Amino acid sequence: MRFADSDTAFEDAFYVIFGAPFDGTSCFRKGSRKAPTAIREQSYNFETYDDFFGVDLADVAIHDAGDLTLTGSPRENIEKVRDFTASILEAGKTPVMLGGEHSLTLGCIEAITADVGVVVLDAHLDLRNEYMGERFSHATVSCRVLEMVGVDRFVSLGIRSGSQEEYRFARKKGVKFYSAEDIRTKGIETVLEEVVEHLGDLQLYLSVDADVLDPAYAPALGTPEPYGLTPLDVRSTLRVLSGNTVGFDLVEIAPHYDLGNTALLGAKIVRDFVAAKLRACWDSNPGCGLRRPV
Ligand code: MN
Ligand code: MN
């Protein structure tokens with residue numbers, strides 16, 4: 001089954017969706033390897049037209065490339081993601097990965113050859129150097145990304161979990177992160193203004209670890225963490241950042257822990273990334289090669 005409204009051929013597409021069904025390093029609840037299929041199923045719930053962004057997804061050139069076959073080691077799977085993402089970027093298209101676990105995000109970012117800023121939405125710092133003997137784990141992904149892009153080009157939002165060592169490391173290195181509490185206190189719009197100011201006009205990669213959401217909204221997660229963000233905080237983030245975003249992923253949904261609601265919200269977040277980027281591209285550069293929004 002394809003993601004809804006993704007019936008454009010690869011050559012003609014502006015967005016290329018692909019599934020990355022791997023959850024081998026997940027430590028608490030496994031199951032995110034099932035998320036690409038669950039998210040695709042739920043994507044058929046929605047109207048093609050999205051009035052918030054003024055975009056009809058039936059008019060948007062989206063290709064669904066299906067799932068990668070990820071049967072290797074964590075590092076080998078990351079390399080497969082990297083190579084496939086590189087083929088999408090080289091063709092001038094925007095990759096949208098449906099995880100799978102968060103470790104795979106590293107492959108997407110390794111595929112980007114230009115200077116890039118990285119914004120991660122996550123409950124967890126993911127700043128361990130290794131976890132259970134593995135350097136390429138969902139619990140170490142932000143540490144690997146930081147090594148690649150440097151501390152000035154990395155921001156995480158919605159943080160509320162990490163070891164003492166991770167928080168110490170983050171503060172010592174000056175890693176810019178906003179806790180869920182910071183976002184509640186300051187408001188997401190103010191936080192996003194600060195993020196935009198910090199990253200300037202860098203192109204961005206945006207990674208959404210679904211556990212950034214409060215488990216009341218998204219209970220089917222690999223590692224749920226209470227006191228989280230709302231779906232509207234995530235939509236605001238998409239509205240502000242998507243126009244500048246060259247690649248996107250949604251990871252860490254473990255769909256069989258609920259009746260489909262988390263995958264449904266995940267499908268909406270993916271659709272809103274597509275719509276938000278299209279809207280922003282058109283607003284800043286009418287005729288940017290995309291169909292005109294409504
Ligand atoms: Mn994560
Ligand atoms: Mn997380």
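**View 1. Donor spacing around the manganese ion (ligand 2).** In this predicted model, the donors of the manganese ion (ligand 2) are spread along the chain in the pattern D-x1-H-x84-D-x1-D. Zoom in and you'll find the protein donors D122 (OD), H124 (ND1), D209 (OD) and D211 (OD), with D211 (OD) listed twice, lying 2.1 to 2.4 Å from the ion. There's a second metal here too: the manganese ion (ligand 1) is 3.2 Å from ligand 2, and D122 coordinates both. As for the other two aspartates, D209 is buried, with a relative accessible area of 2%, and D211 is buried as well, at 1%.

**View 2. Strand 1 and its two partners.** Strand 1 covers residues 15-20, and 6 of its 6 residues are buried, so the rest of the structure largely encloses it. In a regular strand, side chains alternate between the two faces of the sheet. Here, Y15, I17 and G19 sit on one side and V16, F18 and A20 on the other, and all of them are buried. Strand 4 runs parallel to strand 1, joined by 4 bridges, while strand 5 (residues 94-99) also pairs with strand 1 in the parallel sense, over 6 bridges. Look for Y15 opposite I62 in strand 4 and opposite T94 in strand 5.

**View 3. Y15 and the largest nonpolar core.** This core has 53 residues, and Y15 is among those touching the most other members, along with I39, V119, L157 and F248. Helix 9 gives the most to this core, with 10 residues. Another core lies apart from it, with 36 residues including C108, I109, V149 and F177. Back at Y15, the contacts beyond its neighbours within four places in sequence include V60, A61, H63, V96, F273, V274, K277 and L278.

**View 4. V60, a buried loop residue.** You'll find V60 in the loop between strand 3 (55-56) and strand 4 (62-67). Its relative accessibility is 6%, so V60 counts as buried. Not counting residues up to four places away in sequence, V60 touches D5, T8, Y15, V55, V274 and L278. By contrast, C27 is 33 residues from V60 along the chain, and their C-alpha atoms are separated by 37 Å.

**View 5. Helix 9 from end to end.** Helix 9 runs over residues 261-284, 24 residues in total, and reaches 34 Å from its first C-alpha to its last, close to the 34 Å expected at 1.5 Å a residue. Of those 24 residues, 17 are buried, so helix 9 is largely enclosed by the rest of the structure.

Terms used: Residues numbered from 1 in each chain as written. Chains lettered and ligands numbered in written order. Predicted model: local features only at pLDDT ≥ 70, side-chain atom pairs only at ≥ 80, totals over all residues. Heavy atoms only, no water. Helix = DSSP H or I, 4+ residues; strand = E, 2+ residues; numbered from the N terminus. Expected span 1.5 Å × (residues − 1). Buried < 20%, exposed > 50% of the residue type's maximum accessible area, 1.4 Å probe, protein only. Donors = N, O, S within 2.8 Å, 3.2 Å for Na, K, Ca; no water. Contact = heavy atoms within 4.5 Å. Core = buried A, V, L, I, M, F, W, Y, C linked by side-chain atoms within 4.5 Å. Pairing = 2+ DSSP bridges.
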